Amino acid sequence: MKGLRVVSTPTDPMTLTNYVYVAPGDGIHSGESLEINGHIYRAAEDSLIKSGTIALNARQRSTTHSGISELISFKKIDPRGIVPLSCVKLEIDLASKFGSPNQLVIDVIEFVPELRRMLDGHVLAVGQQIVASHAERKLILSVRTVETDGADPTISRGMMNAATLILFGRTKTPAIQLVNLPDEMTTSTLFPEGFTFSATGIGGLGPQLEEIFRRAFESRLYPKSIIRKLKTRHVKGVLLHGPPGCGKTLIAKRLSSMLGCKNLTIVNGPELFDKYIGQTEANIRKLFQDAEVEQRTHGEDSALHIIVFDEFDSMVKHRGSTRDSTGVNDSAVNQLLAKMDGPEELNNILLIAMTNRKDLIDEAVLRPGRFEVHIEVNIPDEAGRLEIFQIKTKDMSANGLLAPDVDLCDLAARTKNYTGAEIEGIVNNASSFATHRHIDPLNPTKFHDPEKLQIFQDDFEKAIASFKPMLGVAADVLDRLTSDGIYPYGPSWAELVSFCGSYFDTIRSSTRLSMISLLLHGEAGTGKAGLAAHLAKISGFPFVKVVHPAQYIGMTELAKCNAIREVFEDADRSPLSVVILCDIERLIEFVHLGMRFSNAVLQTILVKLKHRPSSGKKLIILGTSSNLPLMHELQIEEAFHASKQLMPLNRDEQRSILTQMGVSFVNAEEENTAFNELLPKTIPVKKFIVLVERALSLRVGEVAGENVLTADDMAMALE
């Protein structure tokens with residue numbers, strides 16, 4: 001190992017040889033190989049070099065991290081120990097962006113023999129940059145990958161020879177055009193070498209990423225000769241749709257950042273619209289301008305231009321659906337369609353669009369040749385949730401901040417129907433619980449023992465408890481429906497729960513059924529909504545939503561129909577769902593006077609009762625009504641698969657509920673008087689509970705015990 005001081009190469013021709021130059025008599029002979037900071041270069045003697053120095057061009061100095069006048073060490077390498085290269089992949093760029101404005105056309109058939117002669121016997125390594133010249137323009141050739149006959153992936157360098165195959169990646173600069181480029185000498189630079197889906201850092205969306213890659217990118221990676229034989233065209237548009245927070249924007253951002261594509265434009269749909277007539281269309285045309293210019297210049301050698309649209313539904317609504325005097329929405333749709341497959345059809349573009357409302361998009365936009373690839377980005381399954389948790393806690397674990405008791409598998413199992421964004425929120429929330437423990441409550445600006453910071457399982461438990469998923473269980477509504485309590489009042493209650501529960505078991509286990517509907521009917525106050533809410537709670541289904549008349553007060557018919565439709569669309573995104581239609585006669589706004597009701601809402605309910613969920617999804621619908629004759633007359637009853645009547649409480653059931661409420665009479669005589677002479681033989685459960693609570697509040701006289709009644713108390717409550 002010896003040392004020489006670095007100087008620059010004295011002449012331009014010397015920089016183009018990729019030799020390092022030394023002085024004669026310094027013990028290094030022409031043709032010998034020197035290893036400098038891990039890179040191997042061939043040496044040449046030249047009298048222009050002063051003794052004790054070594055001349056490196058700018059690219060060699062950059063590769064070896066050497067500066068002018070720096071003393072560097074080197075060692076001689078026996079070239080016989082260096083494996084020969086079978087293939088090397090290069091990228092071409094201009095050494096300077098300034099100079100001649102004319103495009104440099106490189107005839108590959110002429111250029112490759114020159115390049116092979118220049119590099120014969122040189123050792124090339126991945127990441128190394130080589131200086132070359134063509135048509136008096138200096139070029140930089142970057143080594144992307146090297147291969148040997150043994151195909152050993154650990155080898156990152158080797159020696160060039162006359163048999164080494166030289167491949168070129170598509171040039172990313174419009175200032176260079178490669179012509180006469182055989183397919184076997186081209187490689188795609190669309191994805192970085194060694195690209196894997198796991199490298200995107202996106203969890204739970206493996207199938208979607210594979211589908212995007214297969215449909216939108218694979219054809220662009222194949223040699224053009226094969227694509228010509230297939231007579232297929234490249235996909236121009238990919239639509240990512242699904243509920244918010246599931247990863248649509250993340251997919252677009254990560255793919256865009258990882259693609260070897262400099263021609264990337266990200267647009268928010270509403271930003272394209274302008275108050276001036278014609279400006280919106282001009283904004284859309286401008287998005288395609290660079291791709292059009294490059295295609296005219298380079299033809300099929302043009303680089304790929306990617307345009308990403310967020311909030312896509314805002315700019316391509318159904319034509320005729322918006323009412324404005326300018327018709328700008330219709331014009332925007334027409335302009336986009338014309339640019340995608342109009343007279344001047346572009347083959348060097350890929351549009352990636354994202355939306356939460358695919359149903360709002362004009363059908364013409366979605367047909368083949370336009371946005372023909374539709375990828376649903378839905379809520380992740382348990383394996384996907386585990387993958388997301390692992391990604392989001394990777395740095396915590398690597399830095400020793402994740403406590404040993406944290407069970408990510410358990411967290412994934414317990415976060416059913418959580419989106420990727422919601423899981424990230426849980427991780428952030430858990431970390432905030434952990435950091436809060438180390439803050440001085442008397443002085444929030446001070447911390448104690450921050451080096452002992454760790455995130456425990458309990459932090460995640462509290463985070464999950466405080467974070468409800470958008471597509472989860474409407475626990476607050478279910479709690480309100482069961483706020484009076486659930487009282488198993490006897491055999492009839494057990495039979496009710498068993499009968500209804502069997503339908504949940506059926507839909508859960510069936511391989512044929514995707515939907516079951518059950519109508520609970522009975523006179524007002526018999527606990528139909530409470531029973532439905534109780535069944536939904538104990539079912540364990542991850543998605544439960546309640547369609548209740550109180551939610552739609554003041555809404556127009558159209559708004560109410562859309563709200564009901566959205567509930568069922570959300571249910572279709574969950575593997576197991578429960579939808580409760582409470583008080584159907586109130587939902588359709590039925591009044592006895594004149595037999596009036598909302599036909600639009602009625603038809604929406606009837607359609608949804610018959611509409612089957614998507615493949616792999618299962619749904620159970622529970623309806624409640626206090627007017628069975630009306631349900632029969634409006635054909636609602638027959639739309640349900642089954643029905644069950646809830647009966648008022650008999651005397652024994654009344655006594656059972658009274659006991660469960662912790663209420664008693666002062667003695668047996670008072671109890672018999674109340675039940676045999678005062679209370680009706682049958683009474684709806686809600687009315688009975690209200691009656692008991694009223695009797696407790698109206699108690700007269702001195703009675704031992706807070707929840708002890710007399711017959712007189714019950715009589716006053718019945719008045």
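**View 1. Pairing of strand 25 with strand 26 around Val578 and Ile620.** In this predicted model, Val578 has Ile620 of strand 26 as its bridge partner. Strand 25 (residues 576-581) and strand 26 (residues 618-625) run parallel and are joined by six bridges. Strands of a sheet pair through backbone hydrogen bonds, either parallel or antiparallel.

**View 2. The open sheet of five strands.** The strand order is 24-25-26-23-27, and the pairing is parallel. Strand 24 and strand 27 (642-645) form the edges, each pairing on one side only. From one strand to the next, the twist averages 15°.

**View 3. Helix 16 and helix 17 against the sheet.** Helix 16 packs on the sheet and touches strand 23 (515-521), strand 25, strand 26 and strand 27. The direction of helix 16 makes about 165° with that of strand 23. Helix 17 lies across strand 23, strand 24, strand 25 and strand 26, and helix 17 runs at about 160° to strand 26.

**View 4. The aromatic pair Phe504 and Phe541.** Seven aromatic pairs are found in a search of the whole structure. In the pair shown here, the ring centres of Phe504 and Phe541 are 5.6 Å apart and the planes stand at 75°, so the arrangement is edge-to-face. The pair links distant parts of the chain, 37 residues apart: Phe504 belongs to helix 16 (residues 491-509), while Phe541 sits in the loop between helix 17 (528-539) and strand 24 (543-547). Phe504 has a relative accessible area of 3% and is therefore buried. Phe541 is also buried, at 2% relative accessibility.

**View 5. Other aromatic residues: a cluster and two charges over rings.** Phe309, Phe312 and Phe371 make up one aromatic cluster. Lys644 lies over the face of Phe499, 4.7 Å from the ring centre. Arg655 lies over the face of Phe675, at 4.4 Å from the ring centre.

**View 6. Surroundings of Thr355 in strand 19.** Thr355 is placed in strand 19 (residues 349-355). With a relative accessibility of 2%, Thr355 counts as buried. A polar atom of the Thr355 side chain lies 2.9 Å from the backbone nitrogen of Arg357. Leaving aside neighbours within four places in sequence, Thr355 is in contact with Leu239, Leu240, His241, Gly242, Lys248, Asp313 and Ile361.

Terms used: Residues are numbered from 1 along each chain as its sequence is written. This is a predicted model: local features need pLDDT of at least 70, side-chain atom pairs count only at pLDDT 80 or more; totals for chains, interfaces and linings use all residues. Side-chain values use heavy atoms; hydrogens and water are left out. Helices (H or I, at least four residues) and strands (E, at least two) are DSSP runs, numbered from the N terminus. Buried means under 20% relative accessible area, exposed over 50%, partly exposed in between (1.4 Å probe, protein chains only). A polar contact is a pair of N or O atoms within 3.5 Å; within protein, one must be able to donate a hydrogen and the other to accept it, and residues adjacent in sequence count only if both atoms are side-chain atoms. Contact means heavy atoms within 4.5 Å. Rings of Phe, Tyr and Trp (its six-membered ring) pair if their centres lie within 6.5 Å; planes under 30 degrees apart count as stacked, over 60 as edge-to-face and the rest as tilted. A charge sits over a ring if NZ of Lys or CZ of Arg is within 6 Å of the ring centre and within 35 degrees of the ring normal. Two strands pair if DSSP finds at least two bridges between them. Axes are lines fitted to C-alpha atoms, for helices over the stretch in contact, and angles run from 0 to 180 degrees between N-to-C directions.
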